[in-house]
Amino acid sequence: SIENFMKDVYKDRYGEDIQEEYVRLLYAVAVSIFAIGGMLGGFSGGMIANRFGRKGGLLLNNILGIGGACLMGFTKIAHSYEVLFLGRFIIGVNCGLNTSLVPMYISEIAPLNLRGGLGTVNQLAVTIGLLMSQVLGIEQILGTDDGWPVLLGLAVCPAILQLILLPVCPESPRYLLITKQWEEEARKALRRLRASNQVEEDIEEMRAEERAQSAEATISMRELICSPTLRAPLIIGVVMQLSQQLSGINAVFYYSTGLFISSGLTEESAKFATIGIGAIMVGMTIVSIPLMDRTGRRTLHLYGLGGMFIFSIFITISFLIKEMIDWMSYLSVVSTLGFVVFFAVGPGSIPWMITAELFSQGPRPAAMSIAVLINWIANFIVGIGFPTMKNALENYTFLPFSAFLAIFWTFTYKKVPETKNKTFEEILAMFRHGNG
């Protein structure tokens, strides 16, 4: 539908039909400019968090959300695909800032024993958003020539909702106490968050973190990269982000409808089966919420990567012999669903959470900025490079992802510490003593 709109605009402007390759290029720009905006937003997240606070940064970010959504929604009225590009770019910046600010805010307001579960609630909201957009995008609802601007414009709803609800929430007590030195404000925020007047234990834990951090108050990205103590957690944070994007999950979303068609489903049924993948993501994320603080981040990440590795091998095998054996195409469907299940268990939510956990207050914003930037760059590379890779490797498309999954599993096993039920000061001490 969007490509047809681009053809119409081009014809009205220049009085001739546009070439197919050029339409595809314009559509590729519309898709990928979102990730470029995401890189910019993610990278500036740390600076925004230090300047305006976690809550303040999120509130300001809604201005971008509303602006980007309105531009996308009015694309057809403006009769210009450049308006769509601009809207996609601005909403990309908005999403990039969210991916940096939200995990930071959640990790700082959560009680120690619930930090993992609350971090996973963030991923749950993301998967529910994905599922809703898949449902709304089917032809019977908004996936039509007239409906797509409304579908894109609906991005205004979460921004408005957050503008209404977020002012009711307290600012991060850690930001108030450690960054701003406003102890009374921090106590007030803690009393509201804990629904109790007994907040001295939390205040003391923050004081310990502040004392440990006094030598390196707020750290710039250059100082973070050059610091020997913080290099190990930074490398872990970056590799964890890569393990999410280079696991092949985006390829599965890209491939799923085609996979289901090849296994004998009609095109209509295949689209509904793809919605089923979104539903599985939501279901498995709900399952992983209590597991996060019971089993631990490292253990779940290892299970997730290991399961994805096994199912990626099965996907490749089913591709290779589905011409010979009819029922093999069903193996590819089952393998795809298994792949998604294990993604939701580990790599779906843990990289966002663990990056915020590995750093104390001073370096946390800079570390989140770097990690989120890497995540969006990897997202962009997979989005741009996957069609070419698919043409070049054909049935072996998933083998590079299998290799990456094996590397990430080994790295997690050897290098990633368990952060479950540890204070930020205890996590920092592990790296300081060189046994992280």
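**Exercise 1. In this predicted model, determine which residues are in contact with L358 once its neighbours within four places in sequence are left aside, and place L358 in its wider nonpolar setting.**

Step 1. With those sequence neighbours set aside, L358 is in contact with P233, I236, G237, P417, T419, I427 and F431.

Step 2. L358 belongs to the largest nonpolar core, which has 52 residues, and it is listed among the members with the most contacts inside that core, together with L224, I236, F339, F359 and F398. I236 therefore appears twice, as a contact of L358 and as one of those highly connected core members, each of which is buried, that is, under 20% relative accessible area.

Step 3. Apart from this core lies another, of 19 residues, including L101, Y105, I109 and A356. As general background, nonpolar side chains in soluble globular proteins tend to be buried together.

**Exercise 2. Decide whether the partners of the salt bridge between R364 and E209 are buried or exposed, and state which helices the pair ties together.**

Step 1. The side chains of R364 and E209 meet with an N to O distance of 3.9 Å, which falls within the 4 Å limit for a salt bridge.

Step 2. R364 lies in helix α19 (residues 364–393) and E209 in helix α11 (residues 200–213), so the pair ties together parts that are 155 residues apart in sequence.

Step 3. R364 has a relative accessible area of 0% and is buried, while E209, at 1%, also counts as buried.

Step 4. The two residues also take part in a network of salt bridges that links them with R54, E108, R174 and E205.

**Exercise 3. Describe the accessibility of the partners in the salt bridges D146 to K76 and E204 to R211.**

Step 1. The side chains of D146 and K76 meet in a salt bridge at 3.8 Å, N to O. This pair links distant parts of the chain, 70 residues apart, with D146 in the loop between α6 (115–136) and α7 (148–153) and K76 in helix α4 (residues 75–78).

Step 2. D146 has a relative accessible area of 65% and is exposed, whereas K76, with 30%, is partly exposed.

Step 3. The side chains of E204 and R211 form a salt bridge at 3.1 Å, N to O; here E204 is partly exposed at 44%, and R211 counts as exposed at 52%, since the threshold for that class is over 50%.

Step 4. By the 4 Å rule, the count of salt bridges in the model comes to 22.

Terms used: Residues numbered from 1 in each chain as written. Predicted model: local features only at pLDDT ≥ 70, side-chain atom pairs only at ≥ 80, totals over all residues. Heavy atoms only, no water. Helix = DSSP H or I, 4+ residues; strand = E, 2+ residues; numbered from the N terminus. Buried < 20%, exposed > 50% of the residue type's maximum accessible area, 1.4 Å probe, protein only. Core = buried A, V, L, I, M, F, W, Y, C linked by side-chain atoms within 4.5 Å. Contact = heavy atoms within 4.5 Å.
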